[in-house]
Every structure is written in C-alpha cells, then in structure tokens.
Amino acid sequence: MKALASFSTFVGRTFALWVIVFAVLGFFLPDVFKHVAPYIVWLLGIIMFGMGLTLSIDDFRELLKRPFEVAIGVFAHFLIMPTIAVILTRIIPMPPEVAAGVILVGCCPGGTSSNVMTYLAKGDVALSVACTSVTTLAAPIVTPFLVWMFASQYLPVDPLSMFISIVQVILLPLALGFIFQKLIPGVVKGAMPLLPIVSVVGIVLIVAAVVGASKGAIAQSGLLIFAIVVLHNGFGYLFGYFAAKLFGLSLPKRKALAIEVGMQNSGLGAALATAYFSPIAAVPSAIFSVWHNISGALIANYFSRRTEDAATTVEAHP
C-alpha cells in the first residue's frame with residue numbers, strides 16, 4: 001500500500017508529463033482511445049468525486065473570513081477568461097466549432113491543478129482553494145449563461161441542458177465525495193494518498209479520447225488552436241495578477257489569483273463540448289489541459305523565487 005501511495009504521489013507530481021504522453025498516444029492511436037469518448041462524463045464525475053473527498057468546512061470558512069478577496073478572484077475568473085476568449089475569436093479567424101470551444105473553456109470554473117500550482121508558487125493556497133470551490137459551485141448557473149451569451153452566434157446552445165449536465169457531473173459527485181468524507185472518514189483518509197493517481201488517470205484518458213476523436217481537425221489546425229490556447233492561458237495569468245494588484249492584494253494573493261484565473265477546469269470543457277457541440281469543439285479544452293499544466297508549473301517556478309520585497313523593488317525600479 002505504501003509503494004502504491006508513493007507511486008500515486010510520483011504520478012501527481014509528473015502530471016504534465018503524463019498529459020503530454022497520452023495526448024501524443026491519442027493522436028497516434030486514435031482507434032484505441034476514441035472508444036473512451038462515451039465515458040468522458042463518467043471520468044469527470046470520478047475526478048470531481050475525488051475533489052469532494054478533499055473538501056472541508058475550513059475551505060468555506062475561508063469565504064466567510066475574507067469574502068472580498070474571494071469575490072475578487074471569482075469575478076476576475078468569470079470576467080477575464082470569457083472576455084479574452086471572445087476577443088481571440090473575433091481577431092483570429094477560426095472555424096465556428098473551434099470558436100465555440102475556445103469560449104466554452106474560457107467560461108469553465110477554476111481547475112483543481114491551480115491549488116497545487118499556487119502551493120508550488122508560495123502563494124495563498126487557502127485563497128486559491130476557496131476561489132476554486134466557489135467557481136465550481138457557481139458553474140451550473142454561470143457557465144451555461146456565459147456560453148449561451150457568447151457562443152450561440154457560432155453554434156446552437158441549450159443552457160438548460162448544460163445546467164443539468166454540470167449539476168450531474170460537478171455538483172452531485174462533489175456532494176457525494178463530501179458526504180463520504182463525513183460518513184466514513186477513516187476509509188477516506190486511508191484512500192487519500194491514492195487520489196492523485198485517480199485524478200491523473202481520469203484527465204489523461206479524457207485528453208487522449210478527445211485528441212483521438214479529433215485527429216483530423218488537430219492535424220489540420222492544431223497549431224492554430226495551440227497558439228490560441230497559449231494566448232488565452234497567458235493573458236489569464238497576466239490579467240489575473242494585475243486584477244489582484246489593482247485591489248491592493250499582497251504578493252502571495254496576487255500569485256494565487258493569477259494562477260486561479262489562468263487555469264481552467266478543461267475536463268469539464270471537454271465533456272460539455274463533446275456532449276453539446278462536436279469533437280472538434282472539444283480540442284481547445286484538450287489542448288488547454290495539456291498546456292496549462294506545463295505553463296502552470298513554469299509560472300509557479302517563477303513565482304516561487306519572487307518575494308514581497310523583490311516584487312516591490314522591481315515595481316519601484318522597472
């Protein structure tokens with residue numbers, strides 16, 4: 001059991017590598033992984049169940065302790081990422097399915113990887129967890145509304161059906177995980193070391209399935225989509241950081257909100273795009289899942305070397 005827990009930790013730490021490996025496998029072995037596509041929703045549900053197992057009352061107490069800071073993070077997330085997505089779809093020519101997919105991933109809640117990256121960046125982890133939790137709980141209402149408002153010009157959007165789907169694959173598994181944690185805490189505590197491997201397996205299979213189902217589209221316009229995703233993610237970090245700075249938040253909080261805004265629950269984006277749009281529309285989410293784990297690790301490494309004093313000096317003497 002100890003060896004399995006160690007392996008799970010190793011897999012969690014090398015998450016970005018495994019996502020890349022399975023994205024490549026999905027491209028070169030599409031017939032193997034496209035059979036996973038019908039199970040994307042179930043895989044996402046398992047991932048969110050695992051997140052529910054890790055939630056605690058303290059995560060929500062953080063909201064009560066500093067509602068202003070959490071509100072900044074939540075509003076910045078749901079304002080900045082959809083806005084960047086819309087601007088990118090307006091200035092870069094792309095097929096309607098891709099445009100809808102870019103907007104969809106921009107309207108998703110925060111990704112759970114952001115909490116790990118914030119820890120590595122020496123940022124405010126409690127603030128990151130609180131923001132991820134609130135954006136996730138708000139997603140059934142906010143995500144379908146934003147997608148309907150911005151993406152319906154490209155493809156038909158059914159916000160009510162999308163709301164029901166998000167409740168089923170996000171809120172219900174989260175609630176079940178939280179209930180299990182309270183009812184059988186001993187079992188959950190024993191299983192906790194294995195959660196990283198479960199989450200990684202779920203995400204890499206989703207990515208491989210989407211890539212496998214969209215091999216032709218990726219071969220044709222993969223570089224374009226990759227460039228759009230890099231810009232989307234990068235501007236998310238940048239504007240998230242300066243939104244926090246605008247409100248006078250400390251450097252650890254600015255780090256947390258930069259990462260929180262820039263990283264998306266791209267698994268949800270892939271699941272919704274596959275269910276409501278097309279496999280091609282899921283490609284931005286799949287590529288986002290690969291890229292934001294790489295960029296998140298890079299920016300966490302950069303942030304970890306920045307202290308409040310150093311940041312003040314740099315800003316005072318550009």
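**Buried residues, a helix pair and a salt-bridge network**

With a relative accessibility of 1%, serine 285 counts as buried. That value, like the others here, comes from a predicted model. Serine 285 sits in helix H16, and its surroundings are easy to list. Leaving out residues up to four places away in sequence, serine 285 touches Val105, Ser266, Gly269 and Ala270. Cysteine 108 is worth a look too: cysteine 108 and serine 285 are 177 residues apart in sequence, yet their C-alpha atoms are 9.8 Å apart in space.

The helix around serine 285 can be taken as a whole. Helix H16 runs over residues 283-304, and its 22 residues should span 32 Å at 1.5 Å a residue. The C-alpha atoms at the two ends of H16 are 31 Å apart, which agrees with that expectation. Burial goes well beyond serine 285: 17 of the 22 residues of H16 are buried, so H16 is largely enclosed by the rest of the structure.

Another buried spot turns up in helix H9, where threonine 136 has its place. Threonine 136 has a relative accessible area of 1% and is buried, since the cut-off is under 20%. Setting aside neighbours within four places in sequence, threonine 136 is in contact with Met48, Met51, Pro109, Gly110, Ile170, Leu171 and Leu174.

Next comes a pair of helices. Two packed helices are described by the angle between their axes and the distance between the axes. For helix H13 (residues 215-246) and helix H14 (residues 251-262), the axes come within 7 Å and cross at roughly 145 degrees. The crossing of H13 past H14 is right-handed. On the H13 side, the contact is made by Asn233, Gly236, Tyr237, Gly240, Tyr241, Ala244 and Lys245. H14 brings Leu251, Lys253, Arg254, Leu257, Ala258, Ile259, Val261 and Gly262 to the contact. Sorted by class, the contact of H13 with H14 has eight nonpolar, four polar and three charged residues.

Charged residues also pair up elsewhere in the model. Side chains of opposite charge can pair when their charged atoms come close. The structure holds four salt bridges, and arginine 66 is a good place to start. Arginine 66 meets glutamate 69 in a salt bridge, side chain to side chain, at 3.0 Å from N to O. Both ends are tucked away: glutamate 69 is buried with a relative accessible area of 13%, and arginine 66 counts as buried at 15% relative accessibility.

Arginine 66 also has a salt bridge with aspartate 124, with the side chains 2.7 Å apart, N to O. Aspartate 124 lies in the loop between helix H8 (113-120) and helix H9 (125-151), while arginine 66 lies in the loop between helix H5 (57-65) and helix H6 (67-91), so this pair ties together parts 58 residues apart in sequence. Aspartate 124, like arginine 66, is buried.

Glutamate 69, for its part, forms a salt bridge with lysine 253, again between side chains, at 2.7 Å from N to O. This pair links distant parts of the chain, with glutamate 69 in helix H6 and lysine 253 in helix H14, 184 residues apart. Glutamate 69 and lysine 253 are both buried. Through shared partners, the salt bridges join Arg66, Glu69, Asp124 and Lys253 into one network. Lys253 thus appears twice in this account, in the network and among the H14 residues that contact H13.

Technical notes:
Residues numbered from 1 in each chain as written. Predicted model: local features only at pLDDT ≥ 70, side-chain atom pairs only at ≥ 80, totals over all residues. Heavy atoms only, no water. Axes fitted to C-alpha atoms, helices over the stretch in contact; angles between N-to-C directions. Helix = DSSP H or I, 4+ residues; strand = E, 2+ residues; numbered from the N terminus. Left-handed = near helix turned anticlockwise from the far one by under 90°. Contact = heavy atoms within 4.5 Å. Nonpolar A, V, L, I, M, F, W, Y, C, P; charged D, E, K, R; others polar. Buried < 20%, exposed > 50% of the residue type's maximum accessible area, 1.4 Å probe, protein only. Expected span 1.5 Å × (residues − 1).
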